[in-house]
Structures are given as C-alpha cells and as structure tokens.
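Please open your viewer, show the chain as a ribbon, and keep the selection panel at hand. Each stop on this tour tells you what to select and then what is to be found there.

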Amino acid sequence: MKKMKFKLILILLLFNGTALASTEARIRAASLQDVDALVTMVRELASYENKKPEEVLLTADKVLQHAFGKEKYFQVLLAEKDKKPVAYALYFFTYSAYKGAPVLYIEDLYVSEPYRHHGIGTAILSHLKNLAKERGCCRMEWHVFDWNKPAIQFYQSLGAALRPDLIQVRLEGP
C-alpha cells in the first residue's frame, strides 16, 4: 500500500483559545545529554511507520551538528516522566509569504507507546502553540500519513484541519 501524506494546518489551535489538557510530564528543550535518547525515539517512530532500520540515517553526530552546532537547523522539545524522555517534537521555523509571518513547522511528534493517551502529545502541542504565539507565527503545520488514523483523530480533536488540497512535493538529494 502506498503511503501518502496530507498536510495538516493547525490554525484553530493557535488562535481560537482552545484549552489544551495538561499532563504531569515535564516538557523542556532538549540538551546535549538528550542526543542518544532522541536518536532512539526517532528510530522508534520509524519502526511505527514501518520504515526499515537502514532508512534512518540520523545519528548522534548529526543531531549534535544540526541542533546544537553553529547553524541550528531544528530544535527539539522533550517530554519526561520520572526523569526519562518519553516523547519529543522536532520542529523548525519557516515562513508564509502570503501571510507575511513565520510558521512553526513540526517535522516529528512522537510519544513512546506506553505513554500514549496520557495527555503528553497534547502538552507538547500546547507548549509549541505558546512558542508559536511568542514568535509571532501565523500557524503551526505538519504532515501525517493517511493510514495513521489515531493521529489524524487526535489532531482533529484539537481543531486541526486536514488539507487534502495541498500535495507534498519532494526532490531527493541536492
């Protein structure tokens, strides 16, 4: 079965005042000490998405270079329970020329299996919502596979809109 992505745009969550649930997980920016845990969770997400292990090219060195190096290409929020990383959001900022404002783009949002349905994903999105507001973003957006019905239902429950009129375009390699 061909896996397709639809673009989700979370405009309502940012600006309609929807209250998001809280959780007892601690949400914080990732640090250098979290690099290995992040790589592990990225591999868990890839497995959930039925990707082959050899398709995951992210390494600790790449995280150090791209998230903590001179040029920071992305940032990471981690959720901790009992001082153990259990979820993450990898995000960066882009720009909407039409709106004339920044956009917070979420590349990955992942919660480890035993910690799902405890409000952690909601708490991470709430934290990102606040960050997007602070940075003057017009929206948050991300992709979700069309077969990932639990994620789609979760996002829609928060007011996110599926945008099937937008088709992802990708050109591999430089």
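The tour below goes from the whole chain to single residues and their partners.

**Before you start**

This is a predicted model, in which local features need pLDDT of at least 70 and side-chain atom pairs count only at pLDDT 80 or more, while totals for chains, interfaces and linings use all residues. Residues are numbered from 1 along each chain as its sequence is written, and side-chain values use heavy atoms, with hydrogens and water left out.

**The whole chain**

Colour the chain by secondary structure, and you should find five helices and seven strands; here helices (H or I, at least four residues) and strands (E, at least two) are DSSP runs, numbered from the N terminus. If you follow the ribbon from the N terminus on, the elements come in the order β-α-β-α-α-β-β-β-α-β-α-β. Of the 174 residues in the chain, 44% are buried, where buried means under 20% relative accessible area, exposed means over 50%, and partly exposed means in between (1.4 Å probe, protein chains only). Among the contacts with a separation of 6 or more, 68% are made by residues 24 or more positions apart, a contact being heavy atoms within 4.5 Å.

**Helix α5**

Now select residues 149–157, which form helix α5, and look for its buried residues, Ala151, Ile152 and Tyr155. Why do they lie on the same side of α5? They cover an arc of only 100° around the axis, and this puts them on the same side; the arc is that of the directions from the helix axis to the C-beta atoms. As a general point, an α-helix has 3.6 residues a turn, so residues three or four places apart point the same way. Turn the view to the other side of α5, and you meet Pro150, Gln153 and Ser157, which are exposed. Just past the helix, select Gly159, which follows α5 and has a positive phi, near 100°.

**Rings around Tyr155**

Keep Tyr155 selected and add Trp142, since these two rings have their centres 5.0 Å apart and their planes at 75°, so the pair is edge-to-face. Rings of Phe, Tyr and Trp (its six-membered ring) pair if their centres lie within 6.5 Å, and planes under 30 degrees apart count as stacked, over 60 as edge-to-face and the rest as tilted. Trp142 lies in strand β6 and Tyr155 in helix α5, so the pair ties together parts that are 13 residues apart in sequence. Add Phe154 as well, because with Tyr155 it forms a tilted pair, 5.5 Å centre to centre and with 50° between the planes. Which of these two is buried, and which is partly exposed? Tyr155 is buried, with a relative accessible area of 7%, whereas Phe154 is partly exposed, at 25%.

**Strand β6**

Stay in strand β6, residues 139–145, and select His143, which is buried at a relative accessible area of 18%. Its side chain makes a polar contact of 2.4 Å with the side chain of Tyr105; such a contact is a pair of N or O atoms within 3.5 Å, and within protein one must be able to donate a hydrogen and the other to accept it, while residues adjacent in sequence count only if both atoms are side-chain atoms.

**Charged partners**

Side chains of opposite charge can pair when their charged atoms come close. In this chain there are eight salt bridges, each being a side-chain nitrogen of Lys or Arg within 4 Å of a carboxyl oxygen of Asp or Glu. Select Glu80 and Arg26, whose side chains meet in one of them, at 3.1 Å from N to O. The pair links distant parts of the chain, with Glu80 in strand β3 (residues 75–81) and Arg26 in strand β2 (residues 26–29), 54 residues apart. Glu80 counts as buried, at 10% relative accessibility.

Next, select Arg116 and Glu113, which form a salt bridge with the closest N and O atoms 2.5 Å apart; Glu113 counts as exposed, at 52% relative accessibility. Arg116 also lies over the face of Tyr48, at 4.9 Å from the ring centre, where a charge sits over a ring if NZ of Lys or CZ of Arg is within 6 Å of the ring centre and within 35 degrees of the ring normal. To finish, add Phe145 and Trp147 to Tyr48, and you will have one aromatic cluster in view.
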